[in-house]
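Me: Please examine the structure shown here and discuss its ligand site and domain arrangement.

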Amino acid sequence: MSRYDVAIAGGGMIGATLAALLDDAGLRVALIDAGTLESRWAPARIDARVSAITSASKALFASLGLWSSIEARRVSPYVAMEVWDQEGSGEIRFDASDVGAATLGHIVENGAILDSLLAHLRERGRVTLLSERRVVELSPPRTSALGVSERTLTMDDGETLDASLVIGADGSHSPLRALVRIASSERPTGQRAIVASVRHLEPHRRTARQCFLPSGPLAFLPLAFGADDQHWSSIVWSADEARAQELLALDDESFAVALGGAFQQRLGAIESITQRLDFPLVQRHAERYVAPSFALVGDAAHSLHPLAGQGANLGLMDVAVLAEELARAARRGAPLGDTRVLARYARRRRLDNATMLRLMDAFRVGFGSRQPLIRLVRNLGLTRVDRCRPLKRLLIRQALGERFDLPSRIDRHLNIA
Ligand SMILES: Cc1cc2nc3c(=O)[nH]c(=O)nc-3n(C[C@H](O)[C@H](O)[C@H](O)COP(=O)(O)OP(=O)(O)OC[C@H]3O[C@@H](n4cnc5c(N)ncnc54)[C@H](O)[C@@H]3O)c2cc1C
């Protein structure tokens, strides 16, 4: 049987980033994933899954020396964002120049991030990568021969390992959260997100756009792809279940016409479209993030509607804070699975995540409403915010990922004027 300081179940973007951070802190780490830990990203095609990455998340990757390798694969900076209501006159525009920043963020393919992380972990050669292994059992915490709390984890091939701390980074449905019996509050949104990459007639001018339709928000995220760099976008079309099923049943040509129409032809005709993927949208928040020798991070702790593009960014902040607390504990010689150490992580992250979950709910309900009064208020709201420069600057700084309690490695690499 092998023994580790930390065993991470789930090698998605969040679990793999945590592995790199803990390796950097000199801890002995195992990263286990039910799927493959081999890269599947290829430069010639766009990964259907992309994330709008904030400056704070970029700073976290930079602190690991990883941003340049993500950039070398492909990143798409955006300098402005437009949000409007299809049924009204309300519209708002944010510009990076409003806060003296060069960009508002970057659209990055999830595969490009994961590819860079896995190459980094392989190159350093210290983290044990256990691919295509599903964690199926987790023992209760016990005190080891060395007098520290630890757990034994069992994989589906029968292999076991001991760790002072086990991390559930295993996504929204989190089998580990269930194994530790941590309940979560769940709010189905009744919506499904359709994602694809599309080529459009007009250039996107490095602007992210989101239109609120009565059935849900539709986002066009600008991609730096193709010879001209300005004619491809990644779309996230969130719609109530019935409308989503109708859209999924359309052939590509009819879908492209429906998409162009819903987006009010802001980028002209849709000329081509890649394969569509779809995801049910559920908002979920774990009632606790930690237990003795156990912690949840990323979507396993919280999953939210993608309308503000925050899920991965919040998960990256979770692992940055957790790694900071664990490195501090290791320097003091404190046990990594100690609930006092883990509780500090939970305290520092819970409010930020809960606030964002509530905000997403309010947006979804407010913009989904067909009531004339609510429509009037939201249109007035958008226009008022658009005219109020201090409030706009505050919102931009939030969207850039600036927070009051950022881990010091992010603070050091944040370069916002
Ligand atoms: C349509 C859409 C658009 C989005 N856009 C954005 C955006 O613009 N910006 C943003 O910040 N976020 C965005 N998000 C959210 C973001 O994609 C997620 O927050 C993020 O991918 C979560 O990563 P994770 O590593 O926590 O979980 P996952 O990516 O779900 O990874 C979990 C991993 O755990 C593994 N696993 C599961 N069970 C086990 C087990 N028993 N044993 C071992 N391994 C296991 C799985 O194989 C998987 O690799 C979006 C989400 C959606 C659905």
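The questions and replies below concern a predicted model.

Me: Which residue has a side-chain N or O atom 2.7 Å from an oxygen atom of the ligand?

Reply: Polar contacts to the ligand come from backbone as well as side-chain atoms. Alanine 312 places a backbone N or O atom 2.8 Å from a ligand oxygen, and a polar backbone atom of asparagine 313 lies 3.0 Å from an oxygen atom of the ligand. The side-chain contact at 2.7 Å belongs to aspartate 33.

Me: How much of the accessible area of the ligand does the protein cover?

Reply: The ligand is surrounded by 30 residues, the closest being Asp33, Ala52, Val135, Asp299 and Ala312. Backbone contact with the ligand includes the 2.8 Å approach of alanine 312 to a ligand oxygen. On its own, the ligand has 1000 Å² of accessible area, and the protein covers 84%.

Me: How many residues of the shell around the ligand are charged?

Reply: Elements that each supply at least two shell residues include α1 (13-24), β3 (50-53), β13 (184-200) and α8 (311-332). Each of domain 1 (2-186 + 282-413) and domain 2 (189-280) contributes at least three residues to this shell. Sorted by class, the shell holds 14 nonpolar and 10 polar residues, and its charged residues number six.

Me: What area do domain 1 and domain 2 bury between them?

Reply: The C-alpha centres of domain 1 and domain 2 are 25 Å apart. Their contact involves 33 residues from domain 1 and 32 residues from domain 2. Of the area buried between the two domains, 61% is on carbon and sulfur atoms, and the total is about 2900 Å².

Me: Which residues in domain 1 lose the most area to domain 2?

Reply: Domain 1 and domain 2 bury about 2900 Å² between them. Three residues together account for 25% of what the domain 1 side buries, namely Ile46, Trp84 and Gln86.

Definitions and conventions:
Residues are numbered from 1 along each chain as its sequence is written. This is a predicted model: local features need pLDDT of at least 70, side-chain atom pairs count only at pLDDT 80 or more; totals for chains, interfaces and linings use all residues. Side-chain values use heavy atoms; hydrogens and water are left out. A residue is near a molecule or strand if one of its heavy atoms lies within 4 Å of it. A polar contact is a pair of N or O atoms within 3.5 Å; within protein, one must be able to donate a hydrogen and the other to accept it, and residues adjacent in sequence count only if both atoms are side-chain atoms. Accessible areas come from the Shrake-Rupley method with a 1.4 Å probe; for residues, only the protein chains shown count as cover. Helices (H or I, at least four residues) and strands (E, at least two) are DSSP runs, numbered from the N terminus. Ala, Val, Leu, Ile, Met, Phe, Trp, Tyr, Cys and Pro count as nonpolar, Asp, Glu, Lys and Arg as charged, and the others, Gly among them, as polar. Domain bounds come from an automatic or database domain assignment. Contact means heavy atoms within 4.5 Å. Buried area is the accessible area (1.4 Å probe) that two parts lose on being put together, summed over both.
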